Amino acid sequence: MIAIGSDHGGVALKTALVAYLRERGDEVVDVGTMGDASVDYPDYGRAVAERVARGEAVRGILVCTTGIGMCIVANKFPGVRAALVADDLSARMSREHNDANVLVLGGGIVAPFHARELARIFLETPFAGGRHQRRVDRIAAIEHELGLRRAEGALR
């Protein structure tokens, strides 16, 4: 399952992505927002990041005007590796090298057609493992040292 959310600055792009993902046959949970009324992006970033952190969603997608705020929020959650992406190489490398599990896009930066391609690349690119696994493990160790995650990777 893919959890997706946005604030008012990303709702148009999120809506287009939900349609695209469902056309692909992906199971999608849209946590909102549904309109262009001003809302607080941390609420929607949290809703997606919590689902990914708990394992309820395999991946997440977040959209706000620039993507910056959503990326900051999502990366507060243990086990979440959110990547702000605006180009194909970053979409691929975020998965191959960082095992990113949340794609963050700027609704005011990325056009809908390109956003679909970035989502496709992100969702279809496997994690390379190998030397990159060691680095992802180091991130998890930092979370553990900070008391954000148990050693076995479960949330508190």
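**Exercise 1. Determine how helix 4 and helix 5 are oriented in this predicted model, and which residues form their contact.**

Solution. Begin with the geometry: helix 4, covering residues 88–96, packs against helix 5, covering residues 112–124, at an angle of about 20 degrees, and their axes are 8 Å apart. Angles under 35 degrees count as roughly parallel, and helix 4 and helix 5 are therefore roughly parallel to each other. The handedness of their crossing is right-handed. Turning to the residues, helix 4 contributes Asp88, Ala91, Arg92, Ser94 and Arg95, which meet His114, Glu117, Leu118, Ile121 and Phe122 of helix 5. Sorted by class, this contact of helix 4 with helix 5 comprises 4 nonpolar, 2 polar and 4 charged residues.

**Exercise 2. Carry out the analysis of orientation and contact for helix 1 and helix 5.**

Solution. Helix 1, which spans residues 11–24, packs with helix 5 at an angle of about 50 degrees, the axes being 10 Å apart. That angle lies outside the ranges for roughly parallel, roughly antiparallel and roughly perpendicular pairs, and helix 1 and helix 5 are therefore oblique to each other. Helix 1 passes helix 5 in a crossing that is right-handed. On the side of helix 1, the contact involves Leu13, Leu17, Tyr20, Leu21 and Arg24, and these meet Pro112, Ala115, Arg116, Ala119, Arg120, Leu123 and Glu124 on helix 5. The residues of this contact divide into 8 nonpolar and 4 charged, with no polar ones.

**Exercise 3. Explain why Cys64 and Cys71 are not joined by a disulfide, and state whether each is buried or exposed.**

Solution. A disulfide is a covalent bond between the sulfur atoms of two cysteines. For Cys64, the closest cysteine sulfur belongs to Cys71 and is 9.0 Å away, which is too far for a bond, given that the sulfur atoms would have to be within 2.5 Å. Seen from Cys71, the closest cysteine sulfur is in turn that of Cys64. The structure accordingly holds 0 disulfides. As for accessibility, Cys64 is buried, with a relative accessible area of 4%, and Cys71 is also buried, at 13%.

**Exercise 4. Locate Phe77 and describe its surroundings.**

Solution. Phe77 is found in the loop between helix 3 (68–74) and strand 4 (82–84). Its relative accessible area is 16%, and because buried means under 20%, Phe77 is buried. Leaving aside residues up to four places away in sequence, Phe77 touches Arg46, Ala49, Glu50, Ala53 and Glu143. Finally, the C-alpha atom of Phe77 is separated by 8.2 Å from that of Leu148, although the two residues are 71 residues apart along the chain.

Notes: Residues are numbered from 1 along each chain as its sequence is written. This is a predicted model: local features need pLDDT of at least 70, side-chain atom pairs count only at pLDDT 80 or more; totals for chains, interfaces and linings use all residues. Side-chain values use heavy atoms; hydrogens and water are left out. Axes are lines fitted to C-alpha atoms, for helices over the stretch in contact, and angles run from 0 to 180 degrees between N-to-C directions. Helices (H or I, at least four residues) and strands (E, at least two) are DSSP runs, numbered from the N terminus. Angles under 35 degrees count as roughly parallel, over 145 as roughly antiparallel, 65 to 115 as roughly perpendicular and the rest as oblique. A crossing is left-handed if the near helix is turned anticlockwise from the far one by less than a right angle, and right-handed if clockwise. Contact means heavy atoms within 4.5 Å. Ala, Val, Leu, Ile, Met, Phe, Trp, Tyr, Cys and Pro count as nonpolar, Asp, Glu, Lys and Arg as charged, and the others, Gly among them, as polar. Buried means under 20% relative accessible area, exposed over 50%, partly exposed in between (1.4 Å probe, protein chains only).
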